[in-house]
Amino acid sequence: MREASPPYLEPLNEEQKKAVLHTGKPLLILAGAGSGKTRVITTKIAWLITEQGMDPRSILAVTFTNKAAREMAERARQIEPRAEGAMLRTFHSFGAWFLRRNGNFAGLNSSFVIYDDDDVISLLSGIMENAPKPEVKQCAHNISRAKDYFLSADDPQLVKIDSRKKFRGIYKRYEKRLAQIGNVDFGDLIKKPVEILQNHVEVAKRFHDRFKVIMVDEYQDANVAQFNLLKELCGPETYVCVVGDDDQSIYRFRGAEVKNILEFPDRFSGADIIRLEKNYRSTDPILKTASSVVDNNRGRLGKTLYAEKGKGTLPVLAYLPNQDEEAAFCAEKITVSVKNGESSWSDWAVLYRTNAQSLGFETLFLRKSIPYRIVGSLKFYEREEIKDALALLALLVNPRDEVAFRRVANKPARGVGAVTIDKIIEASGGYNSNLLEAGRGIDLSAKARAGFDKFIKVIEEAASILEASDESMTGAEMSDNVSETKEEKKHKRAKKEKQGLKSGEGLSVCVEKLLISSGVAEYHRTQDEISGNSKIANLQELLNTASKYRNNRNGLLEFLEDIELDRSMEENFGSNTQNSVTLITFHNTKGLEFRRVIMTGLEQGIFPRNEIKDDELEEERRLFYVGATRAMDELYLTYCMVRRMYGRTQVSQPSIFLREIDKQGLQTENRTEQSTYTERRPFIGRSFNPFNLNGMTANATADAVIEERAGYKRGQRIFHDDHGFGAVMEVKESDDGPVVRVRFDSGQEKRFLSEYQGRAYEKVSGDS
DNA sequence: TAGTTTTAAGTTTTT
DNA sequence: CTTAAAACTA
């Protein structure tokens, strides 16, 4: 039946073509970085539609980040417009979509709200009465991990996550409370759908009938629960195709199991494996640099990537005096290149390990008028005023939401104190109890009663505005399996607006009313006046975003869900970000590419992080590999001599990764020579060669100089008048001179400024 | 008990 | 240095 092969297959190489045309059995595509896996997936979607006559709606493709999902949808649509009908989502957004329609099988109302980590901690601290905050956080984390591994509160395996006896009880109570409230956490978005599919054959059958093809991108980052979800979604007829690269597994800390990819052929019997080893993205020197680091890992399948691009300029290794100079270096390289017309702003990406590092680049780029955009979770949604607003909205869709209730019931103060709040929650007890109703029916002091009645009114009035424009949701609509992509939603929204539906205002009408009548707006306005914040401006920004949603219950649910699942909200904030430099964490770069990449902060303690175990070091190496392989043409690596951290300046040591790279394959640039810092600190003299990284000479020299200045050496035994005998653990620089860290035989550690030597403690001869 | 001031602690990474 | 928790005051 096949005629001449479609034109979009032309640019593919043999293996890629094989992967696209593959049918019949499960398929594992082992795709190295830059080997065109997104092209394979998107082309495959097009091919299935145009050549196999497949209904786009029966195709499901799952990714890990919203950005990847959007990009995939975009590229698939470019090849074949009908691909718009396919379902392209992140695992979590698929889970939410599933639960909105089938949550009733797990006793879940369709208008649940998704709790983020902060909400979970807040709920848990109510359960673990007067436990210290760090312990609550630990429990929250462990519960989340347990769900990653698909472990319920009664699972014997739970001890592997948390060995403490009480953990199981806490987990149980947490689950019970969450069920009473009727909300879910992130883990539930995966775990609950699996349970429903396992326990309800008829639901499973519906999904097996619906999705004939399931594809998973970045499969190396799937956790156990996500694997289970894939397994349950696959019926006997389903064609399953996963794409991954064990060298790019960077989410182990979140429960990702590389085993999933290694054991895929066992779990899906008869699976074929296709390897994509031709790299089209990067030049040979860039690929060599990336590989030389990840090659040091033990636990990997091992593969060779061939640079189809061939030769290119060598990556630049730059040594800078401090982080301000590091930012200046980036700014300079970028500006010069752009002004010369060699590149545009958007060709550039600045990568860092932790979000905190972005600040320095932001401030400098702002001053130098370098356009930039930050990719990553927006701290916008963590702000007090935004959380307040969202809590009010959450209460509107789910009046059982204890966490939201606690947050806003007495904000601004209206006489409903903690005691009253506890009383109301207590009274609500059990299932299906509306907190507002519960509060209405109990005895309260006159003051509390007046305040609480006001609060009820606020919520009810806002709800009535919503209800008024709600086209009531039919049961059919809820259980309907029809996919509704973002694009379709936008379409619908636009259409509604044309039909004269409060155009341009939408949901913001309701949000605004709520903010004003609750007094939250007024509260933050006065806060602004006192401390010169811009909380009101932030709330305004939230209103702008809300205006894009319909002013009814569904619109509100959609709004809250989008915020929980996609905190970047690019389409809402990204209007002026077309041509700008990208500031991004290493983790967030996964799946992206840039012509020119600057990897910053390559220092011990930053990247890789300090005090980590071997397997964690391997994950950091993979992270380095991911970052470096994002670069197409040019790669820059920067590290600093000193770095400010927690407000103190510390001498940095070059990242161990820099020692793993062959220096022959790099150009070096040293900007520390003329540094004023060097002049003030002559102890870092000629003998300190920053580029002599093979064999730790640089570090050893720097350390030795500091130790000499301090008059103490590592390992040395000392005696302290108050603390007794101990050993010097570390000698390092600080703003106030060398600092000595001592571990005393009693077990406790102390730090001393070495200038107090002789007064604070005497030296004792001998060593360990 | 609400709101302020003082003190301590702290940085992975994301859905 | 920034932010969260504890301690304190009105």
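DNA strand C is surrounded by Lys133, Tyr646 and Gly647 in this predicted model. Of the atoms of DNA strand C that come within 4 Å of the protein, sugar and phosphate account for 36%. DNA strand B has 19 residues around it. The points below cover both strands, then two helix pairs, then some details of the backbone.

**DNA strand C**

- Lys133 is one of the residues that surround DNA strand C, and an N or O atom in the Lys133 side chain is 2.5 Å from a phosphate oxygen of that strand.
- Tyr646 is listed around DNA strand C and is also among the closest residues to DNA strand B.

**DNA strand B**

- The closest of the 19 residues that surround DNA strand B are Arg254, Arg353, Asn355, Asn588 and Tyr646.
- Sugar and phosphate make up 40% of the atoms of DNA strand B that come within 4 Å of the protein.
- The residues of the surface near DNA strand B comprise eight nonpolar, seven polar and four charged.
- Asn355 approaches the strand through its backbone: a polar backbone atom of Asn355 is 2.6 Å from a phosphate oxygen of DNA strand B.
- For Asp117, an N or O atom in the side chain is 3.4 Å from a base oxygen of DNA strand B.
- For His587, an N or O atom in the side chain is 3.3 Å from a base oxygen of DNA strand B.

**Helices α16 and α25**

- Helix α16 covers residues 384–397 and helix α25 covers residues 535–546.
- The two helices pack at an angle of about 45°, and their axes are 9 Å apart.
- Because of this angle, α16 and α25 are oblique to each other.
- The crossing of α16 and α25 is right-handed.
- On the α16 side, the contact involves Glu384, Glu385, Ile386, Ala389 and Leu390; on the α25 side, Lys535, Asn538, Leu539 and Leu542 take part.
- By type, the residues of the contact of α16 with α25 are five nonpolar, one polar and three charged.

**Helices α8 and α9**

- Helix α8 (residues 188–199) packs against helix α9 (residues 201–210) at an angle of about 105°, with the axes 5 Å apart.
- The angle therefore makes α8 roughly perpendicular to α9.
- From α8, the residues in the contact are Ile196, Leu197 and Asn199; from α9, they are Val201, Val203, Ala204 and Phe207.
- Six nonpolar residues, one polar residue and no charged residues form the contact of α8 with α9.

**Backbone details in loops**

- Lys411 and Pro412 are joined by a cis peptide bond, with omega of about -5°.
- Pro412 sits in the loop between α17 (402–408) and α18 (418–428).
- Phe607 and Pro608 are also joined by a cis peptide bond, and here omega is about 5°.
- Pro608 lies in the loop between β15 (594–599) and α28 (614–628).
- Phe150 is not a glycine, yet its phi is positive, at about 60°.
- The loop that holds Phe150 runs between α6 (133–148) and α7 (165–181).
- Lys133, whose side chain has an N or O atom 2.5 Å from a phosphate oxygen of DNA strand C, falls within the residue range of α6 (133–148).

Technical notes
Residues numbered from 1 in each chain as written. Chains lettered and ligands numbered in written order. Predicted model: local features only at pLDDT ≥ 70, side-chain atom pairs only at ≥ 80, totals over all residues. Heavy atoms only, no water. Near = heavy atom within 4 Å. Polar contact = N/O pair within 3.5 Å; in protein donor to acceptor, adjacent residues only side chain to side chain. Axes fitted to C-alpha atoms, helices over the stretch in contact; angles between N-to-C directions. Helix = DSSP H or I, 4+ residues; strand = E, 2+ residues; numbered from the N terminus. Parallel < 35°, antiparallel > 145°, perpendicular 65-115°, else oblique. Left-handed = near helix turned anticlockwise from the far one by under 90°. Contact = heavy atoms within 4.5 Å. Nonpolar A, V, L, I, M, F, W, Y, C, P; charged D, E, K, R; others polar.
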